[in-house]
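Here are my notes after going through the model you sent. I've kept them as numbered points so you can reply to each one.

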Amino acid sequence: MSLPNPRITFLLVFLAVIFLLGAAFYLEYVRGLEPCPLCITQRVMLLGVGLVSLLAFLHNPQFIGRRIYGLLVSLWALGGLYFSARQLWLQSLPSDQVPACGPGITYMIDAFPFLDVVKVLLTGDGNCAEVQWTMLGLSIPAWAAVGFVGLVIFGAWQAFRRQ
(Lines give C-alpha, C1' and ligand atoms only; values in the text may rest on other atoms or scores of the structure.)
Protein backbone atom coordinates (compact mmCIF):
# COMPACT_ATOMS: atom_id res chain seq x y z
CA MET A 1 0.00 0.00 0.00
CA SER A 2 1.42 3.39 -0.96
CA LEU A 3 1.31 6.44 1.30
CA PRO A 4 -0.76 9.47 0.27
CA ASN A 5 1.06 12.11 -1.73
CA PRO A 6 2.82 14.56 0.67
CA ARG A 7 1.52 17.55 -1.25
CA ILE A 8 -2.09 16.37 -0.95
CA THR A 9 -1.71 15.66 2.77
CA PHE A 10 -0.47 19.23 3.35
CA LEU A 11 -3.51 20.48 1.42
CA LEU A 12 -5.82 18.34 3.55
CA VAL A 13 -4.28 19.78 6.73
CA PHE A 14 -4.73 23.31 5.38
CA LEU A 15 -8.40 22.57 4.63
CA ALA A 16 -8.85 21.06 8.11
CA VAL A 17 -7.40 24.24 9.63
CA ILE A 18 -9.85 26.35 7.61
CA PHE A 19 -12.69 24.16 8.91
CA LEU A 20 -11.49 24.42 12.53
CA LEU A 21 -11.05 28.19 12.37
CA GLY A 22 -14.51 28.40 10.78
CA ALA A 23 -15.90 26.39 13.70
CA ALA A 24 -14.20 28.78 16.15
CA PHE A 25 -15.71 31.80 14.41
CA TYR A 26 -19.10 30.06 14.34
CA LEU A 27 -18.94 29.53 18.10
CA GLU A 28 -17.91 33.15 18.56
CA TYR A 29 -20.20 35.01 16.16
CA VAL A 30 -23.22 32.71 15.86
CA ARG A 31 -23.32 31.04 19.28
CA GLY A 32 -22.04 34.13 21.10
CA LEU A 33 -19.08 32.56 22.92
CA GLU A 34 -16.47 35.17 23.78
CA PRO A 35 -12.91 33.90 23.16
CA CYS A 36 -10.47 34.35 26.01
CA PRO A 37 -6.84 35.44 25.47
CA LEU A 38 -5.59 31.83 25.40
CA CYS A 39 -8.29 30.93 22.85
CA ILE A 40 -7.03 33.70 20.59
CA THR A 41 -3.44 32.52 21.04
CA GLN A 42 -4.47 28.96 20.10
CA ARG A 43 -6.14 30.34 16.97
CA VAL A 44 -2.87 32.06 16.02
CA MET A 45 -0.98 28.77 16.48
CA LEU A 46 -3.57 26.97 14.33
CA LEU A 47 -3.28 29.68 11.69
CA GLY A 48 0.49 29.12 11.70
CA VAL A 49 -0.07 25.41 11.02
CA GLY A 50 -2.45 26.32 8.20
CA LEU A 51 -0.13 28.81 6.56
CA VAL A 52 2.85 26.44 6.69
CA SER A 53 0.68 23.67 5.23
CA LEU A 54 -0.55 25.97 2.44
CA LEU A 55 3.03 26.99 1.63
CA ALA A 56 4.10 23.35 1.58
CA PHE A 57 1.23 22.51 -0.78
CA LEU A 58 2.06 25.39 -3.11
CA HIS A 59 5.82 24.77 -2.98
CA ASN A 60 5.53 20.99 -3.37
CA PRO A 61 8.92 20.37 -1.77
CA GLN A 62 11.09 17.35 -2.11
CA PHE A 63 12.63 15.44 0.80
CA ILE A 64 14.52 18.23 2.64
CA GLY A 65 11.81 20.82 2.08
CA ARG A 66 9.13 18.40 3.25
CA ARG A 67 11.16 17.80 6.39
CA ILE A 68 11.40 21.52 7.08
CA TYR A 69 7.68 22.10 6.49
CA GLY A 70 6.76 19.07 8.58
CA LEU A 71 8.91 20.27 11.47
CA LEU A 72 7.41 23.77 11.20
CA VAL A 73 3.91 22.28 11.38
CA SER A 74 4.95 20.33 14.47
CA LEU A 75 6.47 23.45 16.09
CA TRP A 76 3.33 25.54 15.55
CA ALA A 77 1.21 22.65 16.81
CA LEU A 78 3.42 22.23 19.89
CA GLY A 79 2.87 25.92 20.62
CA GLY A 80 -0.87 25.42 20.33
CA LEU A 81 -0.69 22.34 22.54
CA TYR A 82 1.16 24.33 25.19
CA PHE A 83 -1.50 27.06 25.26
CA SER A 84 -4.42 24.61 25.24
CA ALA A 85 -2.76 22.69 28.11
CA ARG A 86 -2.32 25.96 30.02
CA GLN A 87 -6.01 26.72 29.55
CA LEU A 88 -6.96 23.23 30.69
CA TRP A 89 -4.80 23.76 33.78
CA LEU A 90 -6.58 27.06 34.50
CA GLN A 91 -9.94 25.30 34.08
CA SER A 92 -8.88 22.63 36.57
CA LEU A 93 -8.02 25.11 39.33
CA PRO A 94 -10.33 25.47 42.32
CA SER A 95 -12.38 28.68 42.02
CA ASP A 96 -10.44 30.41 44.81
CA GLN A 97 -7.14 29.91 42.92
CA VAL A 98 -8.29 31.15 39.49
CA PRO A 99 -6.57 34.43 38.50
CA ALA A 100 -8.71 37.53 38.26
CA CYS A 101 -10.63 38.10 35.04
CA GLY A 102 -9.31 40.92 32.93
CA PRO A 103 -11.08 43.25 30.54
CA GLY A 104 -11.96 42.15 27.01
CA ILE A 105 -9.13 41.80 24.52
CA THR A 106 -10.44 44.63 22.31
CA TYR A 107 -10.40 47.04 25.23
CA MET A 108 -6.94 45.86 26.26
CA ILE A 109 -5.55 46.52 22.79
CA ASP A 110 -6.97 50.05 22.90
CA ALA A 111 -6.02 50.88 26.49
CA PHE A 112 -2.90 48.95 27.50
CA PRO A 113 0.71 48.89 26.31
CA PHE A 114 1.42 46.27 23.67
CA LEU A 115 3.64 44.13 25.91
CA ASP A 116 0.92 43.94 28.58
CA VAL A 117 -1.54 42.68 25.97
CA VAL A 118 0.97 40.09 24.76
CA LYS A 119 1.57 38.92 28.33
CA VAL A 120 -2.16 38.32 28.86
CA LEU A 121 -2.43 36.54 25.49
CA LEU A 122 0.39 34.20 26.52
CA THR A 123 -0.63 33.54 30.13
CA GLY A 124 -4.41 33.93 30.16
CA ASP A 125 -6.59 35.24 32.95
CA GLY A 126 -9.71 34.23 34.82
CA ASN A 127 -11.77 34.35 31.64
CA CYS A 128 -9.73 31.40 30.39
CA ALA A 129 -10.85 29.24 33.32
CA GLU A 130 -14.52 29.41 32.34
CA VAL A 131 -15.87 26.40 30.45
CA GLN A 132 -18.38 27.84 27.98
CA TRP A 133 -19.07 24.81 25.77
CA THR A 134 -18.48 21.08 25.77
CA MET A 135 -18.94 18.23 23.33
CA LEU A 136 -18.73 14.61 24.48
CA GLY A 137 -17.59 15.90 27.86
CA LEU A 138 -14.58 17.79 26.52
CA SER A 139 -14.20 21.57 26.59
CA ILE A 140 -12.94 23.63 23.66
CA PRO A 141 -9.30 23.65 24.86
CA ALA A 142 -9.48 19.88 25.42
CA TRP A 143 -10.61 19.40 21.81
CA ALA A 144 -7.92 21.85 20.72
CA ALA A 145 -5.31 19.79 22.59
CA VAL A 146 -6.48 16.62 20.83
CA GLY A 147 -6.22 18.40 17.49
CA PHE A 148 -2.80 19.83 18.24
CA VAL A 149 -1.50 16.39 19.27
CA GLY A 150 -2.70 15.08 15.92
CA LEU A 151 -0.99 17.95 14.11
CA VAL A 152 2.28 17.36 15.95
CA ILE A 153 2.15 13.71 14.87
CA PHE A 154 1.24 14.69 11.31
CA GLY A 155 4.12 17.15 11.08
CA ALA A 156 6.59 14.59 12.42
CA TRP A 157 5.23 11.98 10.01
CA GLN A 158 5.65 14.38 7.07
CA ALA A 159 9.16 15.26 8.20
CA PHE A 160 10.38 11.70 8.61
CA ARG A 161 8.43 9.64 6.11
CA ARG A 162 10.44 7.95 3.42
CA GLN A 163 8.16 8.52 0.44
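1. Let's start with Trp 157: buried or exposed, or something in between? Its relative accessible area comes out at 31%, so Trp 157 is partly exposed. Bear in mind throughout that this is a predicted model.

2. Trp 157 has company within its own helix. Phe 154 sits three residues away from Trp 157 in helix α6, so about one helical turn separates the two. In general, residues three or four places apart in an α-helix point the same way, because there are 3.6 residues a turn. Phe 154 itself counts as buried, with a relative accessibility of 12%, which falls under the 20% cut-off. The ring centres of Phe 154 and Trp 157 are 6.1 Å apart with the planes at 50°, so this pair is tilted.

3. Now the wider aromatic picture. The whole structure holds six aromatic pairs. One of them joins Phe 10 to Phe 154 in an edge-to-face arrangement, with 5.7 Å from centre to centre and 85° between the planes. Phe 10 belongs to helix α1 (residues 6-29) and Phe 154 to helix α6 (residues 140-160), so this contact ties together parts that are 144 residues apart in sequence. Phe 10 is at 1% relative accessibility and therefore counts as buried. Put Tyr 69 with Phe 10, Phe 154 and Trp 157, and you have one aromatic cluster.

4. Two arginines are worth a look while you have the rings on screen. Arg 7 lies over the face of Phe 57, 4.5 Å from the ring centre. Over at Phe 25, the charged end of Arg 43 sits over the ring, at 4.9 Å from its centre.

5. Next, the largest pocket, which has about 700 Å³ of space. Which elements give two or more residues to its lining? They are α1, α2, α3 (63-92) and α6. Of these, α1 supplies the largest share, eight residues. In total 32 residues line the pocket, and those nearest its centre are Leu 20, Ala 24, Leu 27, Ile 140 and Ala 144. By type, the lining residues split into 21 nonpolar, seven polar and four charged.

6. I also checked the length of helix α2 (residues 37-59). With 23 residues at 1.5 Å a residue, the helix should span 33 Å, and its end C-alpha atoms are indeed 33 Å apart, so the two agree.

7. Just past that helix, have a look at the backbone. Asn 60 follows α2 and has a positive phi, near 50°. Pro 61 is in the loop between α2 and α3. Despite the loop setting, Pro 61 counts as buried, because its relative accessibility is 11%. Pro 61 and Arg 161 are 13 Å apart in space, C-alpha to C-alpha, with their positions 100 residues apart in sequence.

8. Last, the overall layout. The protein chain has six helices and two strands, and along the sequence they run α-α-α-α-α-β-β-α. Its C-alpha atoms fill a box of roughly 55 × 35 × 30 Å, taken along the principal axes. Of the 163 residues in the chain, 41% are buried.

Key. Residues numbered from 1 in each chain as written. Predicted model: local features only at pLDDT ≥ 70, side-chain atom pairs only at ≥ 80, totals over all residues. Heavy atoms only, no water. Helix = DSSP H or I, 4+ residues; strand = E, 2+ residues; numbered from the N terminus. Expected span 1.5 Å × (residues − 1). Phe/Tyr/Trp six-rings, centres within 6.5 Å; stacked < 30°, edge-to-face > 60°. Buried < 20%, exposed > 50% of the residue type's maximum accessible area, 1.4 Å probe, protein only. Lys NZ or Arg CZ within 6 Å of the ring centre and 35° of its normal. 1 Å grid on protein atoms, 1.4 Å probe; cavity = no way out; pocket = protein on both sides within 12 Å on 5 of 7 lines; lining within 4 Å. Points joined across faces, edges and corners; volume = space filled by probe spheres on them. Nonpolar A, V, L, I, M, F, W, Y, C, P; charged D, E, K, R; others polar.
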